[in-house]
Amino acid sequence: MKDKKRVVGFRFAWAGLKTVVKKESNFQLHMLATIIVVAAGFFFHLSLIEWTVILLTIGLVLITEMINSVIERVMDFIQPGYDERVKEIKDIAAGVVLVTALISVVVGILIFGPKIIQLF
């Protein structure tokens, strides 16, 4: 019985992931960036620790984008009309994504910058 519940839970989780990939343009943009960064990682032969940092950073950005999407949908469900408080909540949630994205850019510069400079 537990195994069946786990399988069903996994299906729900997979459906949620498919939904965010299909419907959230910002998530799609982050996925494109992920593909580019992973390709660059293979090109530059990242070390294990570099891959770890890159993958954790990518995960953090994708997770915060998904949480932001959840917050936006919940707030739209709770308050379909405009409300300044809802706007602030959604803006703060979007700010969380912005902070993680900016941190990811810094991480990318720290890891890929020296490798790019060595090419020249």
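# A guided tour of a four-helix chain

Begin with the whole protein chain in view, where the secondary structure comes to 4 helices and 0 strands, and bear in mind as you go that this is a predicted model. If you follow the chain along its sequence, the pattern reads α-α-α-α. Turn the C-alpha trace about its principal axes, and you will find that it spans about 55 × 45 × 20 Å. The radius of gyration of the chain is 18 Å, whereas a compact globule of 120 residues would have one near 14 Å. Even so, 70% of the contacts with a separation of 6 or more are made by residues 24 or more positions apart, and buried residues make up 27% of the 120 residues.

**First stop: the nonpolar core**

Now select Val20, Phe27, Phe44, Leu46, Trp51, Ile54, Ile58, Leu62, Val107, Ile111 and Phe112, which together form the largest nonpolar core, with 11 residues. Colour the helices, and you can see that α3 (48-78) and α4 (84-119) each supply at least two residues of this core, while the largest share, 4 residues, comes from α3. In soluble globular proteins, nonpolar side chains tend to be buried together.

Stay in the core and centre the view on Phe112. Which residues does Phe112 touch, once its neighbours within four places in sequence are left aside? They are Val37, Ala40, Gly41, Phe44, Leu46 and Ile54, and among them Phe44, Leu46 and Ile54 also belong to the core that you have just selected.

**Second stop: the salt bridges**

The structure holds 5 salt bridges, and three of them are worth selecting one after another. Side chains of opposite charge can pair when their charged atoms come close.

Select Arg73 and Glu24, whose side chains meet in a salt bridge at 3.0 Å, N to O. This pair links distant parts of the chain, since Arg73 lies in helix α3 and Glu24 in the loop between α1 and α2 (25-43), 49 residues apart. Arg73 counts as partly exposed because its relative accessibility is 41%, whereas Glu24 is buried, with a relative accessible area of 15%.

Next, select Lys115 and Glu50, where the side chains meet in a salt bridge at 3.1 Å, N to O. Here the link runs between helix α4, which holds Lys115, and helix α3, which holds Glu50, and the two residues are 65 residues apart. Are these charged residues buried or exposed? Lys115 is buried, with a relative accessible area of 18%, and Glu50 also counts as buried, at 18% relative accessibility.

Then move to Asp76 and Lys90, whose side chains meet in a salt bridge at 2.7 Å, N to O. Asp76 is in helix α3 and Lys90 in helix α4, 14 residues apart, and this pair too links distant parts of the chain. Asp76 counts as partly exposed at 39% relative accessibility, and Lys90 counts as partly exposed at 22%.

**Last stop: the surface**

Finally, switch on the surface display. The accessible surface of the protein chain comes to about 8,900 Å², and 74% of that area belongs to carbon and sulfur atoms. Select Phe10, Trp14, Leu17 and Val21, which make a nonpolar surface patch of about 390 Å². Within this patch, look at Trp14, whose place is in helix α1 (residues 2-23), and which counts as partly exposed because its relative accessibility is 47%.

Terms used: Residues numbered from 1 in each chain as written. Predicted model: local features only at pLDDT ≥ 70, side-chain atom pairs only at ≥ 80, totals over all residues. Heavy atoms only, no water. Patch = residues over 30% accessible without salt bridge, like charges linked within 9 Å, V, L, I, M, F, W, Y side chains within 5 Å. Areas by Shrake-Rupley, 256 points an atom, 1.4 Å probe, with all protein chains shown as cover. Salt bridge = Lys/Arg side-chain N within 4 Å of Asp/Glu carboxyl O. Buried < 20%, exposed > 50% of the residue type's maximum accessible area, 1.4 Å probe, protein only. Core = buried A, V, L, I, M, F, W, Y, C linked by side-chain atoms within 4.5 Å. Contact = heavy atoms within 4.5 Å. Rg over C-alpha atoms; globule rule 2.2 N^0.38 Å.
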